[in-house]
Amino acid sequence: IMVMLNKTISAIEKGDEYKALVIHNEGKNFSVGANIGVMLFSANIAAWPQLQAGIKGGQDVYMKLRFGKFPVVSAPSGIAVGGGCEILMHSDAVQAHAETYTGLVEVGVGVMPGWGGCKEMVRRHLANKRSARGPMPALVKAFELIGTAQVAKSAMEAQRDFLIINEKDTITFNKERVLFDAKQRALGLLDGYEPPEEETFRLPGATGRAAVDLALHDFHMKGMASDYDVHVGREVAMVLTGGDTDVTEELTERDLLKLEQKHFVALAKQPKTLARLEHMLSTNKPLRN
């Protein structure tokens, strides 16, 4: 899929035949995420440079979608989780079927969103007017969605509460019309289209992580989080709060992507993550270790 997207982006940018891109399929689900079998194989043979290259390669493709010189509209239906959700978050617009179930579920297999999902949750919730009281409410909401692997139960919930679907986007109720509506949406964005500028952030660093740690401790004491859930949550918090930074330092989107790479690979090296991957592949159910 990444190779296909790269070729498609190049074809649009080099030629005159196409002016916009719609990402869609006619399967039961839009995308259930990356192939965790390949991830497990890479981890078992300690192919860490290759695993990190795979994370970076996906990030690079998604950033091309976000900053390309043409409109990108994703048209999902059914399940769109993990890497499939991250495609939606790097599109200019989403024309979703009403029955779209989307979210970032990676913590369930002991890792975190690695193709820009953490970065996009931070960006979107910081920009949300309902979180305008400062960075912590926005970061806590982003952490809640990622750290508990929440999935929106409808396109409307994904738009209203998760901010995965943009506020200005419309939702299609007839599945047979999703592709047509997405094409019209893409063509409607052409006139005067300008790619977005890369955004910057001022994140709280260790101060913010202290607040997240209190929440994790509370979940652990109530039996809502295992020891390893707490460990994974702290790694996610490292990315969402900007790593070794404070509010005086300005970070770019690409800075957050580098943090995603670092902490994704760190989690992939953990035996308990490998156990979660193996359990999911063999039972199709998450392991709470």
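Which residues in H1 meet which residues in H3? Some notes on that and a few other spots in this predicted model.

1. Starting with the answer: on the H1 side you have Met-2, Leu-5, Asn-6 and Ile-9, and they meet Gly-58, Val-61, Tyr-62, Lys-64 and Leu-65 in H3. Sorted by class, that contact comes to 6 nonpolar, 2 polar and 1 charged residues.

2. As for the geometry of that pair, H1 covers residues 2-14 and H3 residues 48-67, with axes that come within 10 Å and cross at roughly 35°. The crossing of H1 and H3 is left-handed.

3. Next, have a look at H2 (residues 36-44) against H12 (residues 271-283): their axes come within 10 Å and cross at roughly 140°. This crossing of H2 and H12 is left-handed. H2 brings Ile-36, Gly-37, Met-39, Leu-40, Ala-43 and Asn-44 to the contact, while H12 supplies Leu-274, Leu-277, Glu-278, Met-280 and Leu-281. The class split for H2 with H12 is 8 nonpolar, 2 polar and 1 charged.

4. Then there's an open sheet of 3 strands, ordered E1-E2-E4 and paired in parallel. E1 (21-23) and E4 (93-94) sit at the edges with a single partner strand each, so one side of each has no neighbour in the sheet.

5. Zooming in on one pairing, E2 (residues 72-74) and E4 run parallel and are joined by 2 bridges. Ser-74 is opposite Val-94 in E4. Helix H8 (residues 178-188) packs on this sheet and touches E1, E2 and E4, its direction making about 150° with that of E1.

Notes. Residues numbered from 1 in each chain as written. Predicted model: local features only at pLDDT ≥ 70, side-chain atom pairs only at ≥ 80, totals over all residues. Heavy atoms only, no water. Axes fitted to C-alpha atoms, helices over the stretch in contact; angles between N-to-C directions. Helix = DSSP H or I, 4+ residues; strand = E, 2+ residues; numbered from the N terminus. Left-handed = near helix turned anticlockwise from the far one by under 90°. Contact = heavy atoms within 4.5 Å. Nonpolar A, V, L, I, M, F, W, Y, C, P; charged D, E, K, R; others polar. Pairing = 2+ DSSP bridges.
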